[in-house]
Amino acid sequence: MLAVGGGLILLAVLCGFFLGLLRNRKAGAAEGLAVAHSERLRSLPGFGSAIRRYRLGVGGVLVVGILAVMMASYVAARPSASSTVKPVNTNRDIVLCLDVSGSMTEVDTEVADTFLKLVKGFSGERISLVLFNSSPVQVFPLTDDYHFVTEQLTRVRDSFDGNYDDFDYWVGTSNGRGASLIGDGLAACAMRFDHLDKERSRSVIFATDNEVYGDSIVELKEAAEYAKAQGVKVYGLNPIDNDDDPKSVAFREAVELTGGKYFPLRSTTAVSDIVDTITAEEATSLTGEARVVWADDPNLGILFLSLTGIAFIVLLWRVRL
Amino acid sequence: MSSLLVRVKSKLFIQSRRKAVHLLDGEYGSLIRGRSMDFDDLREYEAGDEVRDIDWKATARHGAPLIKRYRASRRHTVTFVVDTGRNMAAQGLGGESKRDIALLSVGALGFLSVRHGDDVALVYGDGDRVQRIPPASSEAQLERMLRVVHTRPTVTSARSDLPGLLSYVARVFARRMILVIVADETPIDPAIEKLLRRLHVQHDILWVTVRDADLVSDHRAADVPLVDVANGWAIPDFVHGNEDLRAEFAAAARSLESSRASLLDSLEISHISVGSEDDVIPGLLRLLERRMYAR
């Protein structure tokens, strides 16, 4: 490649040389108006300096031309610059797993409100809503159709607020035997995830008072283990946390088993803050390794190419080659 | 046949409608220094007149020195010394070919001489060879001379050689003559000056300088390159339109012109310089007038 390039340059130089010789020979018998005593002009000191200026100009044209060609080839070679980026992945899957037993509507409303706000900033995240009491009901599956999500969340939120005209949130949630069967609920939520072979962040926001009545098919611990096996982190929200209560302890242990976090809800804590914390944590855990990205960076080259090109043309015009 | 002479005559008569031809015709007489016994008239003394020509009686009556003038009766020979080398094929100051200007100068003066009954002769040549046309007094002779002046100089002729021409004249002619040297802006170097001093002793010399072309154009990029006939050097384009260079060239041309003028003056050679055909007739008139006062 280098040899070919060098050969081409040599060829061009030789061509120029012979063309110049040819032209020079022609100039020897130049046709034009005959004049005499050109020494009248050649003996002038001003003529000498004009020649020097002209030579300088021609040299300048040559240098600037070569610079311009070099710049052009530099730009043509697509100069690129590396930059290190920490890609923020937005491939999160979040399943909102809300216990809709009687005492929970207030928490559920807050969770729904928070996500209604969050959805506006989502891009790429998928979100699903599962309601459960004694039996789980999927309101909508994992989707990134945020318009649809907003619509559904609004309906559910309104329903939590007591507006049942459009939608009864509890429909289908009491088909099991008992109430707040959280083991079944968590298992059902953990099963919502698809494309398990893909590298996505999977999390369940699991809001429940953990007041189990009746027999659940799956124990909370079993459900947590299943979630862990699926790579699903569970974030627990418990409005009636009590450190001494073995139920609360079991809930915390189950949640922490999956690698998630447990948030006791007290009167002073806002659900929105907790959700922010969760999503931020998820984002951090998903921030990929710093990668080196090569991107075209021709701006400086193009600037210099334009400058040298303009200078070349202006000089050419001034020197009148 | 006599086309060139016709051309000269038409120039002579058309260009000088205002009494110029008369003046030229009359003043041609002052070219002639010879005397006859034929008294013509009296005129006022001018510096340079010979003391023995003073008419003392008339001077006493008049109160100022008067000179007797005699009609010249001797047949004179007016020899034109014309460079016909390739320099003369070049362009003159006015844009015409210098040989056309030379042609008109030789033609006008030659015509007057022939009309006056004097012989005209031509010495011409270039670096290779110097030739001559021996004296005769006829329009056919003049036409022959003009033909040489007009056709000999081409860009492929041999180089110009003014010293060669002058030394030929110094070598060959023993008789006293009126020499009309038609040259271009060749600098008068010491060799030429020496020859002129030598010739001045023997002959009466008139010098016609045909001005050379302006080499620096006032507008950029000449359509046709200017090429020096001597060496084929084409004047580079970039000098054209260079105002500083143009001014410098003009100043140099002026100083060359004035130094030539002062040199010729110091040699007591009457001279004019003409840049175009239009300059020739007024120039010759000026030349003859100047001589009238000087002699």
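# Cavities and annotated spans

Tutor: In this predicted model, the lining of the second largest cavity consists of 1 nonpolar, 3 polar and 4 charged residues.

Student: Which residues line the second largest cavity, and what makes 4 of them charged?

Tutor: The lining is Asp209(A), Asn210(A), Glu211(A), Asn238(A), Ile240(A), Asp245(A), Lys247(A) and Ser248(A). Asp209(A), Glu211(A), Asp245(A) and Lys247(A) are called charged because Asp, Glu and Lys belong to that class.

Student: What makes a space a cavity, and how many of 30 Å³ or more are there?

Tutor: A 1.4 Å probe must fit there but be unable to get out. With the cut-off at 30 Å³, the count is 2. The volumes are about 40 Å³ for the largest cavity and about 30 Å³ for the second largest.

Student: Which residues line the largest cavity, and which helices supply at least two of them each?

Tutor: Arg7(B), Val8(B), Lys11(B), Asp100(B), Leu103(B), Leu104(B) and Glu277(B) form the lining. Helix H1 (3-15) and helix H4 (98-115) of chain B each contribute at least two. By class, 3 are nonpolar, 4 are charged and none is polar.

Student: Why are residues 54-77 and 300-319 of chain A called "transmembrane region"?

Tutor: The name comes from UniProt, in an unreviewed entry. Such an annotation may be inferred, so the label alone does not show that it rests on experiment.

Student: How much of each span is helix in the model?

Tutor: Residues 54-77 of chain A are 96% helix and 0% strand, with end C-alpha atoms 34 Å apart. Residues 300-319 of chain A are 100% helix and 0% strand, and there the end C-alpha atoms lie 28 Å apart.

Note on methods
Residues numbered from 1 in each chain as written. Chains lettered and ligands numbered in written order. Predicted model: local features only at pLDDT ≥ 70, side-chain atom pairs only at ≥ 80, totals over all residues. Heavy atoms only, no water. 1 Å grid on protein atoms, 1.4 Å probe; cavity = no way out; pocket = protein on both sides within 12 Å on 5 of 7 lines; lining within 4 Å. Points joined across faces, edges and corners; volume = space filled by probe spheres on them. Helix = DSSP H or I, 4+ residues; strand = E, 2+ residues; numbered from the N terminus.
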